[in-house]
Every structure is written in structure tokens, then in C-alpha cells.
Amino acid sequence: MQFPNVYKIEYDFQIEKLLEDYNKRIKKGMAYRYLAGENYEDREVEETDANYSKTTVVKVKNGIAHKIAKEFVEKHHGKEFICHYISYGSDDFVEWHTDKRPAEYCENASRVNVFLTGESYTTFRDGDHKYKSAIVNVMGAEHKYDNRGKGHRVMFQIGIKGVNHDQFCQNILQRSTLEWLAF
């Protein structure tokens with residue numbers, strides 16, 4: 001079965017705890033700016049030279065966010081994963097691209113996006129797709145996001161290795177069906 005590029009999901013990701021964790025990590029200086037010049041791979045040092053992408057990234061390898069991601073992944077038949085926060089200020093954006101890094105989490109893998117600052121969207125070639133949390137086909141389809149002129153946005157992203165977008169959507173659907181039948 002082929003699933004849409006954005007497959008909305010309902011799950012208690014403990015948004016308040018994740019946002020609190022994000023803010024603590026920012027205050028500790030754990031973030032870095034991801035700036036790209038003319039394409040996805042063209043890393044820049046200066047904000048003024050970043051014509052392709054401007055975001056802030058906080059890698060997560062432990063703590064409450066890692067625990068929440070691990071519980072979610074294990075519940076839905078995933079095993080290996082990475083997670084991080086991506087935030088966008090009022091001048092930040094990412095132009096058209098397909099995720100390719102890290103390579104081991106982009107081939108036969110899936111992504112879950114969870115917005116911590118309210119519903120937002122990802123733009124695919126067929127338009128904007130709004131959601132709070134979803135499995136998003138960022139490795140299989142071109143997408144972008146433009147936050148210029150908008151308020152601060154924070155997203156928690158989980159990369160799941162070894163299960164592609166459609167397979168992971170199917171896992172979610174099967175789990176939801178089983179939980180509904182058990183009700």
C-alpha cells in the first residue's frame with residue numbers, strides 16, 4: 001500500500017516536556033546553525049551567505065526526548081533511530097530538497113515530525129500539508145519549508161532506520177487497528 005507523503009498520527013509525544021527539554025538544551029548552548037549556500041550540501045559559515053537553508057539544530061542522544069522517541073519507535077516495530085530538534089526563526093527557511101543525511105537514516109528509513117509550537121506544515125510539490133505530528137516522506141519526495149515572516153517554530157524529528165515510509169505508516173495503521181479492536 002502506498003501512503004501519502006504526510007501521514008498524520010495521534011500519539012502522546014509529551015509536547016510540553018519536549019519543548020522544555022529543547023529550551024534547556026538551547027540555554028546550555030547545545031544548538032548549531034545549519035546554513036547552506038547554493039544547495040543542500042553547500043555549508044556556509046555566515047548567515048548572509050546562506051541562500052538555500054537556515055535552521056537551528058539540536059542533536060539528541062539522551063534524556064527525556066531520547067526516551068520518548070525510543071518508546072514510540074519500539075511500540076511501532078522500529079529499532080534503530082536518531083532524533084533531534086529543528087527550529088526556525090522568522091528569517092529561516094529550507095528550499096526544495098530531498099533528505100540525504102545521515103545516509104544510514106535516509107535509505108530504507110522513515111521520519112516522524114512532531115511540531116512542538118502548534119500545527120505547522122511541510123510543502124511538497126503538490127502543496128502545503130498541515131499537521132501536528134506525522135510520518136513524513138522527506139527522503140522520498142522533494143519538500144521545503146519557508147518560515148520567513150512567521151513566528152518561531154520548533155520541531156522534534158525522529159529518523160527510523162530499517163523501515164521505509166510506507167512500511168512505517170503500515171505499522172502505525174496496524175497498531176491503531178489492533179488498539180481499536182481491543183477497545
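Which residue in β10 does Phe93 stand opposite? In this predicted model, Phe93 stands opposite Asp146. Let's start from that strand and work outward.

**Around β5**

Strand β5 covers residues 93-97 and runs antiparallel to β3, with 2 bridges joining the pair. Here Phe93 turns up again, since Lys54 stands opposite Phe93. β5 also pairs with β10 (residues 143-146): that match is antiparallel too, and 3 bridges hold the two strands in register with DSSP's bookkeeping.

**What fills the inside**

Nonpolar side chains in soluble globular proteins tend to be buried together. In this model the largest nonpolar core has 28 residues, and Phe13, Phe72, Tyr85, Val112, Phe156 and Ile158 are the ones touching the most other members. Helices and strands both chip in: α1 (15-27), α2 (63-75) and α3 (165-182), along with β3 (53-60), β4 (81-88), β6 (109-115) and β11 (153-161), each supply at least two residues of this core. The largest share, 5 residues, belongs to α2.

Take Val112 as a way into that core. Setting aside neighbours within four places in sequence, Val112 is in contact with Ile9, Phe13, Phe72, Ala134, Ile135, Phe156, Gln157, Ile158, Ile160 and Phe168. There is also a second, separate core of 17 residues, with Ile86, Phe124, Tyr131 and Ala141 among them.

**The pockets**

Now for the empty space. Here are the two biggest pockets side by side.

| Pocket | Volume | Lining residues | Lining make-up |
|---|---|---|---|
| Largest | about 730 Å³ | 32 residues | 15 nonpolar, 9 polar, 8 charged |
| Second largest | about 210 Å³ | 16 residues | 7 nonpolar, 4 polar, 5 charged |

Which residues lie nearest the centre of the largest pocket? They are Val57, His84, Ile86, Arg101 and Gln157. Strands β2 (32-36), β3, β4, β5, β6, β10 and β11 are the elements that give two or more residues to its lining. β4 gives the most, with 6 residues. Two of the central names have come up already: Ile86 is part of the second core, and Gln157 is among the contacts of Val112.

In the second largest pocket, the residues closest to the centre are Tyr11, Ile15, Val114, Phe115 and Lys132. Both α1 and β6 supply at least two residues of that lining.

Note on methods. Residues are numbered from 1 along each chain as its sequence is written. This is a predicted model: local features need pLDDT of at least 70, side-chain atom pairs count only at pLDDT 80 or more; totals for chains, interfaces and linings use all residues. Side-chain values use heavy atoms; hydrogens and water are left out. A nonpolar core is a set of buried Ala, Val, Leu, Ile, Met, Phe, Trp, Tyr and Cys residues joined through side-chain atoms within 4.5 Å. Buried means under 20% relative accessible area, exposed over 50%, partly exposed in between (1.4 Å probe, protein chains only). Helices (H or I, at least four residues) and strands (E, at least two) are DSSP runs, numbered from the N terminus. Contact means heavy atoms within 4.5 Å. Two strands pair if DSSP finds at least two bridges between them. On a 1 Å grid over the protein atoms alone, a cavity is a set of points where a 1.4 Å probe fits but cannot get out, and a pocket is an open set with protein on both sides within 12 Å along at least five of seven lines; lining residues have an atom within 4 Å of a point. Grid points are joined across faces, edges and corners, and a volume is the space filled by probe spheres set on the points. Ala, Val, Leu, Ile, Met, Phe, Trp, Tyr, Cys and Pro count as nonpolar, Asp, Glu, Lys and Arg as charged, and the others, Gly among them, as polar.
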